[in-house]
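Colleague: Could you take me through one part of this model up close, helix by helix? I'd like to know what packs against what, and how.

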Amino acid sequence: MSRLSVPNLESDTGPSGQTNAQIKKAPNTFAAIAAMTTLSNTTQNPLVRTLQRSGLLAEDLDYHVVRASMVILFFFFGYQKWFPYEFERLVPFISNGPLIWWLYPVFGHADASYFLGASEWTFGTLLLAGFWDKRLGILGALGSTGTFIATVTIIPFMPEGWDIAAGGFPAMTGNVPFLMKDVVLLAVSLYLLRQDVVRLIR
């Protein structure tokens with residue numbers, strides 16, 4: 001007695017097999033159609049088209065803009081370190097910095113400020129050179145990373161940095177809001193360091 005054959009829905013080449021294959025392919029097809037529709041709608045958006053024509057999507061634009069912004073920042077911050085008005089302003093930061101407190105015993109107030117100014121100009125110059133030489137860019141990014149590690153670590157030790165009337169932490173007050181920007185600058189420094197290392201080893 002012969003056994004009844006059961007169609008194999010996985011490999012059946014008949015009408016039922018074709019239907020089953022179409023059903024299996026349907027989710028991927030629907031996903032592809034949805035993606036194409038979204039892409040089409042996006043590219044037809046006037047704002048997106050304007051941004052695309054503006055050069056915003058140019059390769060490595062963000063990388064170069066971030067580098068340039070750090071060069072500018074180091075120039076201005078380094079410049080102010082050479083003037084007496086900055087000497088006193090640095091006192092609460094250097095005095096409470098667990099990584100930079102030694103600057104005053106070693107250099108004194110004025111020379112400590114000069115040291116920081118010279119360091120910032122050096123790192124900024126190296127970052128600028130990184131546009132052409134990634135090895136120098138890496139040195140600049142390392143210096144920048146060290147700079148902002150030193151400043152970010154001041155935050156927990158800054159006296160009266162959290163407003164008691166507002167419940168203390170995380171209600172920032174005094175010098176802490178100024179230092180908080182360095183959290184972002186530390187992330188930017190790490191970004192540049194990674195980008196330069198990747199480009200150098202390629």
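Modeller: Sure. One definition before we start: a helix axis here is a line fitted to C-alpha atoms over the stretch in contact, and an angle runs from 0 to 180 degrees between N-to-C directions. Keep in mind that this is a predicted model.

Let's make α3 the part to look at. Helix α3 covers residues 61-80, which makes 20 residues, and reaches 29 Å from its first C-alpha to its last, close to the 28 Å expected at 1.5 Å a residue. Its buried residues are Y63, R67, M70, V71, L73, F74, G78 and Q80. An α-helix has 3.6 residues a turn, so residues three or four places apart point the same way. The buried residues of α3 pack against four helices: α4 (84-89), α6 (103-129), α7 (134-152) and α8.

Take α8 as the first partner. The angle at which α3 and α8 pack is about 130°, and their axes are 11 Å apart. Angles over 145 degrees would count as roughly antiparallel and 65 to 115 as roughly perpendicular, and α3 and α8 are therefore oblique to each other. The crossing of α3 past α8 is left-handed. On the α3 side, the residues that meet α8 are D62, Y63, V66, R67, M70, L73 and F77; on the α8 side they are F178, K181, L185, V188, S189, Y191, L192, Q195, D196 and R199. By class, that contact divides into 10 nonpolar, 2 polar and 5 charged residues.

Now for α7. Here α3 packs at an angle of about 60°, with the two axes 12 Å apart, and α3 and α7 are therefore oblique to each other as well. This crossing, too, is left-handed. From α3, Y63, R67, M70, L73 and F74 meet K134, G137, S144, T147 and F148 of α7. The classes in this contact come to 5 nonpolar, 3 polar and 2 charged residues.

What about α7 itself? At 1.5 Å a residue, its 19 residues should span 27 Å, and the end C-alpha atoms are 26 Å apart, which agrees. Its buried residues include K134, G137, S144, T147 and F148, along with G140, A141 and G143. The buried residues of α7 pack against α3, α6 and α8.

You can see the α7 and α8 side of this from L200, which sits in helix α8 (residues 176-201). Leaving aside neighbours within four places in sequence, L200 is in contact with K134, R135 and I138. L200 and R135 are 65 residues apart in sequence, yet 7.2 Å apart in space, C-alpha to C-alpha. L200 counts as partly exposed because its relative accessibility is 41%, whereas K134 and I138 are among the buried residues of α7.

That leaves the loop between α7 and α8, where there are a couple of backbone details to check. P170 is in that loop, and a cis peptide bond joins F169 to P170, with omega about 5°. E160 lies in the loop between α7 and α8 too, and its phi is near 50°, a positive value in a residue other than glycine. At 71% relative accessibility, E160 counts as exposed.

Definitions and conventions. Residues numbered from 1 in each chain as written. Predicted model: local features only at pLDDT ≥ 70, side-chain atom pairs only at ≥ 80, totals over all residues. Heavy atoms only, no water. Helix = DSSP H or I, 4+ residues; strand = E, 2+ residues; numbered from the N terminus. Buried < 20%, exposed > 50% of the residue type's maximum accessible area, 1.4 Å probe, protein only. Contact = heavy atoms within 4.5 Å. Expected span 1.5 Å × (residues − 1). Parallel < 35°, antiparallel > 145°, perpendicular 65-115°, else oblique. Left-handed = near helix turned anticlockwise from the far one by under 90°. Nonpolar A, V, L, I, M, F, W, Y, C, P; charged D, E, K, R; others polar.
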